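Hi everyone, thanks for making time for this. I'd like to walk you through one structure, so please have a look at it while I talk.

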Amino acid sequence: MVDFSKMKDMYQLQKKARQIQKELKDTEIEAKSSDGWVTVLMNGEQHLTDIEIADEALTPENKKELEKDIKNTVSQAISRAQAYAAEKMKDIAGKLNIPGL
């Protein structure tokens, strides 16, 4: 016998997942370097949408520091986007009853 209540629940979870995916795409996450030279914008799907570099950072003497700032700031933005997405998906994952989620 087909359990229509479970099918309805799965449909609702799918609908919620699509809604969350759209929300993640539309969410903007910002990270800035500690010295303010680099600003990174990423959406909740972890797609890089913008990088801004301060004019004063664009000198040959600052090359190594700027490279480090870019790497660290992008990593920070990715971590924030992952944490945000995980928080949004927590509700759905719990309803799926999958061990480890």
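Let me start with a term I'll need in a moment: a polar contact here is a pair of N or O atoms within 3.5 Å, where, inside the protein, one atom must be able to donate a hydrogen and the other to accept it. And please keep in mind that this is a predicted model.

With that in hand, take Ser 33. What does the side chain of Ser 33 reach at 3.1 Å? The partner is the backbone nitrogen of Trp 37, and with the limit at 3.5 Å, 3.1 Å falls inside it. Ser 33 belongs to the loop that links strand S1, residues 28-32, with strand S2, residues 38-43. Is Ser 33 buried or exposed? Its relative accessible area is 7%, so Ser 33 is buried, given that the cut-off for buried is under 20%. Setting aside residues up to four places away in sequence, Ser 33 touches Val 38, Asp 69 and Thr 73.

Now let's step back to the whole chain. You'll find two helices and three strands in the protein chain, and reading along the sequence gives the pattern α-β-β-β-α. The radius of gyration is 19 Å, while the globule rule gives 13 Å for 101 residues, so the chain is more spread out than a compact globule. The C-alpha trace tells you about its dimensions too, spanning about 75 × 25 × 15 Å along the principal axes. Of the 101 residues, 26% count as buried. The chain exposes about 7400 Å², and carbon and sulfur atoms supply 54% of that area. As for contacts between residues at least 6 apart in sequence, 51% of them join residues at least 24 apart.

On to the sheet. The three strands make an open sheet, ordered S1-S2-S3, with antiparallel pairing. S1 and S3 are the edge strands, each pairing on one side only. On average, neighbouring strands are turned by 15° against each other, ignoring direction.

How many bridges join S2 to strand S3? There are five, and the two strands run antiparallel, with S3 covering residues 48-53. Within that pairing, Val 38 stands opposite Ile 53, and Val 40 stands opposite Ile 51. You may remember Val 38 as one of the residues that Ser 33 touches. Here is a handy reminder for anyone tracing side chains: in a regular strand they alternate between the two faces of the sheet. S2 and S3 form a hairpin with four residues between them, and Gln 46 in the turn has a positive phi of about 65°.

Finally, two residues that show how parts of the chain meet. Thr 27 sits in the loop between helix H1, residues 4-26, and S1. Thr 27 counts as buried because its relative accessibility is 15%. Leaving out residues up to four places away in sequence, Thr 27 touches Met 42, Asn 43, Gly 44 and Tyr 84. Thr 27 and Tyr 84 are 57 residues apart in sequence, yet their C-alpha atoms are 9.4 Å apart.

Gly 44 also comes up with Ala 86, a residue of helix H2, which covers residues 63-96. Their C-alpha atoms are separated by 10.0 Å, with the two positions 42 residues apart along the chain count. Ala 86 has a relative accessible area of 45%, so Ala 86 is partly exposed.

That's my tour, and I'm happy to take questions.

Definitions and conventions. Residues numbered from 1 in each chain as written. Predicted model: local features only at pLDDT ≥ 70, side-chain atom pairs only at ≥ 80, totals over all residues. Heavy atoms only, no water. Buried < 20%, exposed > 50% of the residue type's maximum accessible area, 1.4 Å probe, protein only. Contact = heavy atoms within 4.5 Å. Pairing = 2+ DSSP bridges. Rg over C-alpha atoms; globule rule 2.2 N^0.38 Å. Areas by Shrake-Rupley, 256 points an atom, 1.4 Å probe, with all protein chains shown as cover. Axes fitted to C-alpha atoms, helices over the stretch in contact; angles between N-to-C directions.
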